Each structure stands twice: as C-alpha cells, then as structure tokens.
Amino acid sequence: MANRVCLNEDIEPPGSPAEAAGTARASSTLPRKASPTLRVLIGADTATRVIKPLSGYSRYHISPRTHAFRKRFFPSVSQAEWNDWHWQLRNRIQDVHELARIIDLTDDEYRALSNHSGPLPLAITPYYASLLDGEGPQHPIRRTVIPVAAEYLHSPEEADDPLGEENDSPVPGIVHRYPDRVLFLVTGFCATYCRYCTRSRLVGRAGEYGFSMARWEKALEYIEKTPSVRDVLLSGGDPLTLSDEKLEWLLSRLRNITHVEFLRIGTKVPIVLPQRISPALTRMLRRYHPLWMSIHVTHPDELTVEAAQACSRLSDAGIPLGSQTVLLAGVNDDIETMRRLCHGLLRIRVRPYYLYQCDPIKGSSHFRTSIETGLNIIQGLRGFTTGYAVPTYVIDAPGGGGKIPLLPEYVVGREGNDVILRNYEGRLFRYPDCAVSS
Ligand code: SF4
C-alpha cells in the first residue's frame with residue numbers, strides 16, 4: 001500500500017535552474033512601464049475588483065483567500081517564491097499526508113488516497129489547493145481533484161480510451177481524426193490532475209506513453225509529410241508545463257512547416273498554475289501567431305484574481321482565448337453555475353467555447369450526467385444571456401466519431417413551405433422557407 005500516490009510520473013517540468021535564472025534575467029531587462037489598471041469582475045456578478053499595477057512584472061496579485069492560506073500552511077514561503085511557477089510545481093501536493101495537513105479529508109477520500117492503485121496520480125498545486133481549503137467534501141472544485149472510492153468502480157460502458165484515439169494515431173503522440181487538423185500530445189505532465197481526465201491512460205505516468213524528443217521528431221515528421229494538416233492542437237498533458245525553451249522549439253518547428261496555418265494550445269495552466277503565465281512566456285508565444293488557446297475551466301470559483309491576471313496577459317499578447325468545460329455531476333451541472341461560469345469567462349476575455357458531455361472513461365460514473373441535463377443547461381442559457389456566453393454542447397463520440405453538437409429542439413416541424421420554430425421562451429413562430437430547393 002503506497003501513501004505516495006504519485007509513483008511514476010513522467011517528470012518533464014519544472015524547468016531547469018538555468019531556465020529559471022534565464023527567466024529572471026529576462027524579467028530584469030524589461031522596461032519598467034506601468035501596466036494599465038486591470039478591472040476585473042470576479043465571483044458574484046456584481047463584485048468588481050480593481051487590480052492596480054504592480055512594480056515588478058513577474059509578480060502576481062494574490063487574492064486575500066490565497067494569501068491567508070499561504071500564511072497558514074506555508075508560513076516560511078515568501079510571496080516571491082509563491083509566485084514562482086517552478087516553486088509551485090516543486091511543491092505540489094502529491095501525498096495523502098500532505099493533503100491531510102491542509103484539508104479535513106473524509107474517510108472516503110482518505111481510503112481512496114491511501115489505497116490508490118489507478119493510473120492517474122494525485123497532484124495539486126499549492127495555489128489550487130488554496131481554493132479548496134475550508135470547503136466541505138461536496139465542494140465542486142475539491143471533487144474534481146481529490147479521489148474518492150467511486151473512482152475505482154468500473155462500469156461496462158467505460159473504457160481506458162473511450163474516444164478510440166489510439167486507433168487514429170499514425171505515429172505515437174499524433175491523433176489524426178479530422179481531415180485538416182491533428183492533435184499533438186507533447187507531454188504527459190499536468191500541474192494538477194483532474195479525476196475525470198479523458199487521457200488518464202497516459203497522463204502522469206512514464207513507460208508506454210513516455211514522451212521524448214525522439215517522439216516529438218517522429219510526430220513533426222508526420223506533420224511535415226502530411227500537407228492536408230493546416231491546424232495543429234498541442235495538448236497532452238499540459239503543454240504550458242514545458243519550459244519556455246522546449247515550447248518555443250516545438251512552436252518554431254511547427255511554424256516552419258508551410259502548410260500549417262494555425263496553432264492551438266490546450267491547457268489548464270492559467271487556472272491551476274496562473275503564475276506560469278509570465279511576461280517571458282507571453283513574449284515568446286506572440287512570435288508564433290496565429291496562435292489560439294483553449295483553457296480548461298470547470299467552475300466559477302476557479303476564476304480568481306490570479307486566473308484573471310493570467311488570462312489578461314495572454315489576451316494582451318494577442319492570443320484569442322476560448323474555454324473548454326466538461327459537464328460534471330455535482331460540479332457544474334446546473335444552469336446557474338454554468339451561467340456564472342460563462343459570464344465570468346467573458347469578463348476575463350475568454351469566450352465559452354465547448355461544453356463537453358463527460359467521456360465514459362473508467363471510473364467516471366460519479367461524474368457523468370444525463371444528456372438531458374446538458375440540453376437543459378443550453379436551453380437555460382440560449383436567449384437568456386449574451387450569445388457569446390453560450391458554449392457549444394458536444395459529445396465526443398465513443399469509438400472515434402469526433403465531436404457531435406447537441407442542441408435543444410428549436411425546429412418543431414414544417415407546414416407546407418413554413419418551418420415551425422420554437423424560440424427561447426417556448427413560443428412558436430413560422431419562417432417562410434420559400435427558397436426550398438426542389
Ligand atoms: S489538465 Fe487536462 S490533461 Fe491534465 S489531468 Fe486535467 S483534463 Fe487531463
């Protein structure tokens with residue numbers, strides 16, 4: 001029985017001491033122009049927090065809650081260390097005893113952690129742990145990162161690779177499912193591991209899925225030799241946990257492929273490790289436009305002052321931001337929570353992009369909702385709020401069918417040339433569809 005759950009994680013980050021030193025040097029040479037005041041609406045729709053400029057570019061404002069957490073549980077850690085993403089990664093909570101020091105674990109959580117035998121390790125950054133402190137076991141964010149016994153119940157419909165990604169993988173690390181784009185899995189490392197992760201078969205572990213430069217080279221070679229690929233999504237694991245140097249090496253290689261028009265990064269780092277979004281990183285990223293980013297976000301409580309600063313830095317670097325959210329039972333499966341989340345995202349310049357039905361990954365039954373729940377949420381948003389605030393609800397079809405959008409029934413039927421439509425209030429309208437092709 002191992003109490004240390006993180007047994008064999010593929011340790012890519014944190015970056016080398018040389019890299020950390022390089023980052024510090026780069027920061028010290030930045031112009032000392034004051035950044036504009038950032039006005040952010042956090043939490044409750046009406047609460048406004050004004051973030052004043054800081055003198056040091058690499059510093060982050062720390063929310064009062066997180067500040068109190070640091071003082072209580074990491075009293076010898078300075079604010080500068082706390083705001084150092086390397087420190088955050090080095091000091092991730094990976095052990096039942098470390099976690100029990102800061103959170104009153106339930107018997108269920110304690111047993112699940114102590115007997116952990118599944119592939120997905122426990123890891124939570126101290127920053128993200130500060131969002132869990134003092135909350136009960138049903139706290140939405142806590143449920144997404146702390147294992148419970150239900151994680152070990154496997155239903156017949158569940159699978160290690162429910163999306164059949166391995167079947168669409170021409171070379172290790174590449175998933176080529178759609179005609180013009182590929183998914184490039186660049187690392188198995190994440191700052192914090194989500195208990196419902198679709199790729200729990202490969203994240204947080206070495207061995208079969210070990211990531212290496214040789215593997216990157218093979219993947220790049222495949223993209224180079226496949227002219228139909230115009231869009232590359234870097235994912236994993238979390239690409240933003242790579243060092244600036246490694247990430248830039250990848251981006252520059254991809255930018256040199258003439259048929260690759262568009263680069264994207266899928267990441268949860270701005271939410272679980274916002275300190276990573278440094279000026280040095282954003283300066284590097286902006287050299288590789290058009291570069292877009294999909295941010296994995298789950299609950300409005302994640303939209304802290306720190307996360308808002310990270311997203312602001314990315315937006316200011318010209319990176320369009322979209323969100324990806326997994327619909328999770330007891331976490332975000334009601335209209336009000338999703339409305340708060342989507343409104344909060346728009347306020348920090350992140351466009352709600354996808355709402356995913358939870359994939360039937362092994363041990364996910366306690367997270368999965370009915371499809372009707374998702375449709376009701378979309379129905380409760382569409383028309384009642386800004387169109388930009390309504391994500392596209394999709395099922396990633398098990399077996400490899402790709403994303404299939406789901407919409408409530410707005411087309412009721414047809415009478416002659418008229419289409420009968422139902423609006424957001426349930427009222428019926430006719431559209432004269434006179435241009436019907438014969
Ligand atoms: S951040 Fe993404 S890849 Fe990493 S554990 Fe969470 S869902 Fe999986």
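The paragraphs below go from the ligand to the nonpolar core and then to one helix. The model is predicted, with local features requiring pLDDT of at least 70 and side-chain atom pairs counted only at pLDDT 80 or more, while totals for chains, interfaces and linings use all residues. Residues are numbered from 1 along each chain as its sequence is written.

Around the ligand stand Cys190, Tyr193, Cys194, Cys197, Arg199, Val203, Gly236, Gly237, Asp238, Lys268 and His296, a residue being near a molecule if its C-beta atom, placed from the backbone, lies within 6 Å of it.

Tyr193 also appears among the residues with the most contacts inside the largest nonpolar core, together with Val182, Phe184, Tyr196, Val232 and Cys311, and this core has 91 residues. Such a core is a set of buried Ala, Val, Leu, Ile, Met, Phe, Trp, Tyr and Cys residues joined through C-beta atoms within 7 Å, where buried means that 20 or more other C-beta atoms lie within 10 Å of a residue's own. Helix H13 (residues 305-316) gives the largest share, six residues, helices being DSSP runs of H or I with at least four residues, and strands runs of E with at least two, numbered from the N terminus. Because domain 1 (17-152) and domain 2 (165-405) both give residues to this core, it lies between them; the domain bounds come from an automatic or database domain assignment.

In helix H15 (residues 371-381), the buried residues are Gly374, Ile377 and Leu381. Seen down the axis of H15, they fall within an arc of 60°, so they line one face of the helix, the arc being that of the directions from the helix axis to the C-beta atoms. After H15 comes glycine 383, with a positive phi near 90°.

Conventions
Buried ≥ 20, exposed ≤ 12 C-beta atoms within 10 Å, placed from the backbone.
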